[in-house]
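Here is a briefing on one protein model. Please look over the sequence and the structure first.

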Amino acid sequence: MPEDITNSLGGFPTHAQMRGEEIKTPSGKARVAKFGMWRLSATEQEPGDLDYQVSEILDQLTNNLDAWQELADNYKIDLYCGIFMESDMEGISLSPESLQKLGERNILLDLDIYGPDEAD
């Protein structure tokens, strides 16, 4: 249940849903959630600053690694990042400290990287 995750993490989600819950879409239609979710979003950064965003999210949540392990034993935990590149030869990095924090919490780093739009 989303409330249990909120209690375990000590922070509040940006969005949460339970499997089977009726969800209203932006168009006003209703659908049934196929899965549960607890999501916390970071502030969009331009230029991108993935380290800042990882800290922004994790600083709102518990540092209790036992709580994170219990969640990892029961749920998939991931940090999804959509990265939008402005040029072909751009890169993004993540500090050892951020990588360590994600690893200690069993958080999968999931990157979707989008290249620049091609001009017609």
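The notes below cover the overall fold, the surface patches and two loop sites.

This is a predicted model, in which local features need pLDDT of at least 70, side-chain atom pairs count only at pLDDT 80 or more, and totals for chains, interfaces and linings use all residues. Residues are numbered from 1 along each chain as its sequence is written, and side-chain values use heavy atoms, with hydrogens and water left out.

**Overall fold**

- The protein has four helices and six strands. Helices (H or I, at least four residues) and strands (E, at least two) are DSSP runs, numbered from the N terminus.
- Starting at the N terminus, the order of elements is α-β-β-β-β-α-α-β-α-β.
- Along the principal axes, the C-alpha atoms fill a box of roughly 45 × 40 × 20 Å.
- The protein has 120 residues, and 27% of them count as buried. Buried means under 20% relative accessible area, exposed over 50%, and partly exposed in between (1.4 Å probe, protein chains only).

**Surface patches**

- Patch residues have over 30% relative accessible area and no salt bridge; like charges are joined within 9 Å, and nonpolar side chains (Val, Leu, Ile, Met, Phe, Trp, Tyr) within 5 Å.
- A salt bridge here is a side-chain nitrogen of Lys or Arg within 4 Å of a carboxyl oxygen of Asp or Glu.
- Accessible areas come from the Shrake-Rupley method with a 1.4 Å probe, and for residues only the protein chains shown count as cover.
- Glu44, Glu46, Glu86 and Glu90 make up a negative patch on the surface. Asp and Glu count as negative, Lys and Arg as positive; His and the chain ends are not counted. The charge is placed at NZ of Lys, CZ of Arg, CG of Asp or CD of Glu.
- Glu86 sits in the loop between β5 (78-84) and α4 (96-104). Glu86 is exposed because its relative accessible area is 66%.
- A nonpolar surface patch joins Tyr80, Phe84 and Tyr114, with about 360 Å² of accessible area together.
- Tyr114 belongs to strand β6 (residues 108-114). Its relative accessibility is 35%, so Tyr114 counts as partly exposed.

**Ser95 in the β5-α4 loop**

- Ser95 lies in the loop between β5 and α4. Ser95 counts as buried because its relative accessibility is 17%.
- A polar atom of the Ser95 side chain lies 3.1 Å from the backbone nitrogen of Ser98.

**Pro13 in the α1-β1 loop**

- Pro13 is placed in the loop between α1 (2-9) and β1 (15-17). With 27% relative accessibility, Pro13 counts as partly exposed.
- Pro13 and Ser41 are 28 residues apart in sequence, yet 7.9 Å apart in space, C-alpha to C-alpha.

Conventions
Polar contact = N/O pair within 3.5 Å; in protein donor to acceptor, adjacent residues only side chain to side chain.
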